[in-house]
Structure formats: C-alpha cells, structure tokens
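Welcome! Grab a pencil and work through the exercises below, trying each task before you read its solution.

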Amino acid sequence: MRNRIEPDESHGPHPWAIYTLDPVRWREAMIAVYQRAYRPLGRYCYLRRRDIKSYIQWLHRRCPEGLFGAVQHMSLLGWIAVDDDFINEMGRLVGAVHELVVNPDVQHHGIGRALMNHALRWLSARGCSHVELWVGVDNEPAQRFYRRLGFRPIPPARGIWLKMIRTLAPVPKSGQPHPTSVILE
Ligand SMILES: CC(C)(COP(=O)(O)OP(=O)(O)OC[C@H]1O[C@@H](n2cnc3c(N)ncnc32)[C@H](O)[C@@H]1OP(=O)(O)O)[C@@H](O)C(=O)NCCC(=O)NCCS
C-alpha cells in the first residue's frame, strides 16, 4: 500500500480510508471484490479470472495513478478506476470512470459515494472538466446511484451500455489544490 490520500474517519467504530492502490499488491483482493459485486450482473462484467486480471492490468496501464480503494484493516471494501486522459468514442479528451465496485457485504454504507467523490476530486485536480462513464442499461441501482452523484444519462443506449456524464467545476489556477479543497459542481 502506498500514498495514503484521504483517511475517512466518519465511519464510527470501524473506520476505513481511501488509498491509491498498487494493482500488483492488491490484485487478488481487487478480483475478489469485482467478482462478488458483479455476481448478479453477469452480462456486464468479465467472468473468467484471467480476463479480470487483464482488465485490471489495462486499467492500470491506462492511468497508473487512477486506482483507489477503500480499505479497512488491510481488507479491500471497494475500488474505483479512473482515467484523466481518455479519448472517447467521439474523439474527445475526457475524464473517465472505468470501474466502480463495492463488496456487497458493505454496500449502502456510503463507500461507493466516497470513492466516487474522491475520484472526481482527483480528476478535477488533474484538470478534467467533463467526466463520462458507461453503465449497464438494466443496472438501475447503479444508474440511480450515479444520478444522485450528479451524472445524467445520454441516450440512446449503445447495445447493453448507457453513457452517463457530468461536469466538474474548474480548479483555481493558483498551485495544486489539496483534493479536499476542490469544489465539485
Ligand atoms: C453501485 C455501487 C458501486 C454502489 O456502492 P455503495 O457503496 O453501495 O454506494 P453507497 O452506499 O454510497 O450508495 C448506495 C445507496 O446506499 C444509500 N446509502 C448510503 N449510505 C447509507 C447508509 N449509511 N445507510 C443506508 N443507506 C445508505 C445511498 O443513498 C445510495 O442509495 P441509491 O442507490 O438509492 O442512490 C455498488 O452497488 C456496486 O458495487 N454495484 C455492483 C457493481 C456495479 O454495478 N458497478 C457500477 C458499474 S458501472
């Protein structure tokens, strides 16, 4: 584990914190959380272990500093993969949220929201003003979750995927802001 970024002490007797993840050190835990989170959503995920492993390697290659995990007592509760330098299908440079998964045992405790807010602050500090993600057309809980976080759907769907976007407030030019000082729109 490296680069402790944002300890989150708001979770009472069982505090957890958000860290930048080293995908070699955390690979097995990342795979386990991914498999558990997607168990009811098989059409939207990689099923074979080796494909999940390659996917995590791809995420890391895309943006080596863009993997963040919520960790409690060295146990991974959830993780997010973002990218501050992604060319979308229209040829536009955007910020992207490629993946977000939370262990079902600890869903609905605000971990997904905290990971997303952390990642959006990081993208904003990297100069992203526009963020995109793709969510399963039938994955209504995730769509509702993203809507509450300020994303809006961009229909029509492409196959089984629906695009959602949101804007981020620009970061003031003076110096590199601490992530927590960045104001999100
Ligand atoms: C989508 C996902 C990442 C959300 O993670 P999460 O940790 O459960 O998210 P949160 O707890 O922050 O919010 C989830 C819900 O719990 C509610 N919640 C948050 N804190 C809560 C608390 N303390 N008590 C009760 N409910 C709470 C939120 O209001 C939210 O409700 P909503 O979904 O109706 O908006 C998670 O459900 C998941 O891993 N899903 C499977 C994989 C997936 O679909 N990923 C998205 C791919 S595009």
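## Exercise 1: A helix and its surroundings

Helix H3 covers residues 111-125, and its 15 residues reach 21 Å from the first C-alpha to the last, close to the 21 Å expected at 1.5 Å a residue. The expected span is 1.5 Å times one less than the number of residues. Helices (H or I, at least four residues) and strands (E, at least two) are DSSP runs, numbered from the N terminus. Before you start, note that this is a predicted model, in which local features need pLDDT of at least 70 and side-chain atom pairs count only at pLDDT 80 or more, while totals for chains, interfaces and linings use all residues. Residues are numbered from 1 along each chain as its sequence is written.

**Task.** Work out why H3 is described as largely enclosed by the rest of the structure.

**Solution.**
- Step 1: Recall the cut-offs: a residue is buried if 20 or more other C-beta atoms lie within 10 Å of its own, exposed if 12 or fewer, and partly exposed in between, with C-beta atoms placed from the backbone.
- Step 2: Look along H3 for buried residues; among them are Ile 111, Leu 115, Ala 119 and Trp 122.
- Step 3: Twelve of the 15 residues of H3 are buried, so the rest of the structure largely encloses this helix.
- Step 4: Now look just past the helix, where Gly 127 follows with a positive phi near 95°.

## Exercise 2: Strands around E6

**Task.** Find which strands pair with E6, and in which sense each pair runs.

**Solution.**
- Step 1: Strands pair if DSSP finds at least two bridges between them.
- Step 2: Strand E5 (residues 93-102) runs parallel to E6, and two bridges join them. Ala 96 has Glu 132 in E6 as its bridge partner.
- Step 3: The path from E5 through H3 to E6 is a right-handed β-α-β crossover. Right-handed means that, with the strands pointing away from the viewer, the path from the first strand over the helix to the second runs clockwise.
- Step 4: Strand E8 (residues 161-167) pairs with E6 in the antiparallel sense over seven bridges. Here Val 135 has Leu 162 in E8 as its bridge partner.
- Step 5: Check how covered E6 (residues 130-136) is: five of its seven residues are buried.

## Exercise 3: The nonpolar core

**Task.** Identify the element that gives the largest share of the largest nonpolar core.

**Solution.**
- Step 1: A nonpolar core is a set of buried Ala, Val, Leu, Ile, Met, Phe, Trp, Tyr and Cys residues joined through C-beta atoms within 7 Å.
- Step 2: The largest one has 44 residues, and those touching the most other members include Phe 68, Leu 115 and Ala 119.
- Step 3: H3 supplies the largest share of this core, eight residues.
- Step 4: Leaving out residues up to four places away in sequence, Ala 119 touches Phe 68, Ile 80, Val 82 and Val 97.

## Exercise 4: Unusual backbone angles

**Task.** Is His 73 buried or exposed? Look at its phi too.

**Solution.**
- Step 1: Most residues other than glycine have a negative phi, and most peptide bonds are trans.
- Step 2: His 73 has a positive phi of about 50° although it is not a glycine. His 73 sits in the loop between strands E3 (67-72) and E4 (75-87).
- Step 3: His 73 has 8 C-beta neighbours inside 10 Å and therefore counts as exposed.
- Step 4: For a peptide bond, turn to Pro 155 and Pro 156: the bond between them is cis, with omega near 5°. Pro 156 belongs to strand E7 (residues 152-158).

Note on methods. Two residues are in contact if their C-beta atoms, placed from the backbone, lie within 7 Å.
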